[in-house]
Amino acid sequence: MRGIFATTTGWMILLVVITVVPVLAWNASTSAESIHAEQERLALSIASAYVDEIVVARRWVSEHAGVWVVAAPDVEPNPYLPEGERELETADGTRLVRVNPAYFVRLTDELLAREGGVSVRVTGFDPLNPHNAPDEWERQALERFAASPDEPEPAHAIVDRDGVPMLRYAVALAHEESCRQCHVDDVTAVGDVRGALSLTMAYEPFAATADDLTRRSWLRILALGALAFALVGILGSMLVRSEARLRAANASLEEANAELARQSEAKTQFLGTMSHELRTPLNSIIGFSGILSMGMAGDLTPEQRKQVGIINSAGKQLVALINDILDLSKIEAGRIVLVAEEFAAATVLDGVVDIVRPLAEERGLELRVSSAGAEGTLYSDRRRIEQVLINLMANSIKHTDSGYVAISVVPGVDVVTFVVEDTGVGLSAAEIEGIFKEFPAVAMDSRQTRAVGIGLMISRTLADLLGGELMVESEPGCGSVFTFRVPRRLPEAPPQED
Ligand code: HEC
């Protein structure tokens with residue numbers, strides 16, 4: 001589990017759970033509330049249907065000043081009606097009993113009691129019949145009815161009777177003209193509230209239904225929740241696993257990178273040591289072969305002198321090659337530190353030409369120098385720019401057997417472009433590509449290194465470091481044109497102070 005929370009996915013899952021749980025709980029509670037409200041509305045509509053019917057029937061009885069029915073064991077004369085107005089005997093001896101509205105409601109209640117679940121009665125303040133006295137709930141309803149200026153709204157409540165929920169419902173009974181037939185001395189004005197018709201109904205079935213529906217909605221929500229969590233869980237665990245895999249892959253990649261850096265470092269150190277080790281004996285070879293060829297150790301035959309001369313120049317070439325390799329490995333290891341200074345473009349040209357002139361003369365080549373475009377100054381690493389140009393010139397001289405090698409400058413606002421041109425053997429497309437490839441790939445192909453010296457690769461890398469670029473245009477047998485474009489200001493160099 002701790003592993004999971006080490007990942008962002010783990011936290012996302014936690015977030016989903018934190019948001020989803022309250023939403024589900026809220027949903028469940030509101031649906032429970034609305035289910036209970038719905039059941040209460042249903043119970044109320046049933047209660048009001050009963051009451052409305054009884055009120056209408058009762059009014060009919062009132063309008064007929066009570067109804068006369070044949071006496072029966074359960075229909076006896078009402079002692080609250082005046083003497084002589086309660087019962088009659090017809091000519092054929094049938095006993096009739098007068099049923100006033102309140103009595104009619106009592107008889108209805110007896111019928112309803114047989115069905116079970118509902119009971120009704122008439123109530124009012126100062127009752128003629130003490131049994132009609134209101135209970136606490138009815139008293140409050142009556143008070144509210146009496147206080148209401150318009151036709152009062154029915155009263156209702158769900159009350160607890162010995163642990164059983166009951167619905168209580170009451171409507172106001174207004175005093176009407178017909179009521180005066182019996183309520184002769186009544187002080188209540190017509191239209192005012194005289195009493196109430198009160199109904200009590202078992203609420204248990206509705207409450208049970210509501211509870212049942214709520215339980216089902218809870219189950220549904222729980223099922224939905226479980227489904228949602230299962231989905232989130234599956235998706236989450238998939239994400240967590242793929243994230244873990246990604247982390248592992250990253251870690252091993254970082255390790256591999258570190259290992260590579262270590263190896264590159266070791267290579268540079270090795271090359272440094274090796275070149276030092278190689279240069280010491282080479283310098284002896286160069287030195288002593290020089291002494292020999294000068295005849296300082298005794299006279300040599302012309303053939304011997306020629307051979308010693310070859311040893312001497314081969315040694316010099318080897319030292320140059322070793323220096324190049326060392327340089328390249330330094331560039332690769334990012335150990336070259338550029339040193340920017342302000343200098344005139346023309347001075348670069350002078351410095352380069354001084355160095356390469358003897359080489360050109362040695363090869364019997366014409367050296368064309370056009371300093372016309374060498375205008376303005378540069379703020380860059382002068383030594384490295386010169387190194388690039390010397391490399392380019394030396395390369396051209398080396399691969400040109402006849403004709404000329406030329407260097408010229410094209411001035412620009414932000415850049416200076418040096419162009420080195422020769423009439424040499426030229427480069428094939430593959431050889432040109434070689435210059436822009438990494439060092440080992442080219443070095444392995446001996447056929448290419450013959451034409452594309454390490455010097456060109458160093459030049460290309462240095463051009464990049466200086467924020468410039470090196471381009472070649474060439475075709476085998478048609479000479480080459482090298483274009484070295486370098487910005488006047490070394491990128492990220494401190495601002496020039498004028
Ligand atoms: C036929 C005579 C008669 C008529 C008509 C009549 N009543 Fe009554 N009423 C009685 C008698 C008698 C009682 C009391 C005895 C009883 O409970 O039956 C009573 C009781 C009541 C009660 C119960 C409170 C109490 O005083 O006991 C109310 C409320 C009431 N009547 C309202 C009315 C209204 C409103 C009307 C007109 C729509 C009306 N009555 C018409 C005879 C009548």
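Domain bounds here come from an automatic or database domain assignment. For this protein, that assignment gives domain 1, made of residues 4-63 together with 100-202, and domain 2, covering residues 337-487. Keep in mind as you look around that this is a predicted model.

Let's begin with the overall outline. The centres of domain 1 and domain 2, taken over C-alpha atoms, are separated by 106 Å. Along the principal axes, the C-alpha atoms of the protein fill a box of roughly 185 × 50 × 40 Å. The radius of gyration of the protein is 58 Å, while a compact globule of 498 residues would have one near 23 Å. Within this outline you can find 11 helices and 14 strands. Buried residues account for 23% of the 498 residues. Now take the contacts between residues at least 6 apart in sequence: 68% of them join residues at least 24 apart.

Where can you see residues packed together? A good place to start is the largest nonpolar core, which has 36 residues. Leu-389, Met-393 and Phe-484 are the residues with the most contacts inside this core. Several elements give two or more residues to it, among them helix 6 (345-362), helix 7 (382-398), helix 11 (454-465) and strand 14 (480-487). Strands 11 (404-411), 12 (415-422) and 13 (469-474) belong to that list as well. Helix 7 provides the largest share of the core, with seven residues.

Phe-484 is a handy residue from which to explore this core. Setting aside residues up to four places away in sequence, Phe-484 touches Val-388, Leu-389, Leu-392, Phe-418, Ala-463, Gly-468 and Leu-470. From Val-388 you can step across to Gly-351: these two residues are 37 apart in sequence and 12 Å apart in space, C-alpha to C-alpha. Gly-351 is found in helix 6. It is partly exposed, because 16 other C-beta atoms lie within 10 Å.

There is also a second, separate core of 28 residues, which includes Ile-54, Val-97, Val-105 and Ala-141. Let's pause at Val-97, which lies in strand 3 (residues 95-99). Is Val-97 buried or exposed? It is buried, because 20 other C-beta atoms lie within 10 Å. Leaving aside neighbours within four places in sequence, Val-97 is in contact with Trp-68, Val-69, Ala-71, Val-75, Glu-76, Pro-77, Arg-86 and Glu-87. For a sense of distance along the protein, try Val-97 and Gly-434: they are 337 residues apart in sequence and 129 Å apart in space, C-alpha to C-alpha.

Next, look at the ligand. How many residues surround the ligand? The answer is 27, and the closest are Gly-66, Tyr-80, Cys-179, Cys-182 and Gly-195. Helix 1 (8-63), helix 2 (101-115) and strand 7 (193-202) each supply at least two residues of this shell. Helix 2 gives the most, with three residues. By type, the shell divides into 12 nonpolar, 12 polar and three charged residues.

Two loop residues deserve a look for their backbone angles. Most residues other than glycine have a negative phi. Ala-65, however, has a positive phi near 50°. You will find Ala-65 in the loop between helix 1 and strand 1 (67-70). With 15 other C-beta atoms within 10 Å, Ala-65 is partly exposed. Asp-126 also has a positive phi, of about 45°, although it is not a glycine. The loop that holds Asp-126 runs between strand 4 (118-123) and helix 3 (136-147). Asp-126 counts as exposed, because it has 10 C-beta neighbours inside 10 Å.

Our last stop is Leu-231, whose place is in helix 4 (residues 204-293). Why does Leu-231 count as exposed? The reason is that it has 11 C-beta neighbours inside 10 Å, and a residue with 12 or fewer is called exposed. Leu-231 and Ala-344 are 113 residues apart in sequence, and their C-alpha atoms are 72 Å apart in space.

How values were computed: Residues are numbered from 1 along each chain as its sequence is written. This is a predicted model: local features need pLDDT of at least 70, side-chain atom pairs count only at pLDDT 80 or more; totals for chains, interfaces and linings use all residues. Helices (H or I, at least four residues) and strands (E, at least two) are DSSP runs, numbered from the N terminus. The radius of gyration is taken over C-alpha atoms; the globule rule is 2.2 Å times the number of residues to the power 0.38. Two residues are in contact if their C-beta atoms, placed from the backbone, lie within 7 Å. A nonpolar core is a set of buried Ala, Val, Leu, Ile, Met, Phe, Trp, Tyr and Cys residues joined through C-beta atoms within 7 Å. A residue is near a molecule or strand if its C-beta atom, placed from the backbone, lies within 6 Å of it. Ala, Val, Leu, Ile, Met, Phe, Trp, Tyr, Cys and Pro count as nonpolar, Asp, Glu, Lys and Arg as charged, and the others, Gly among them, as polar.
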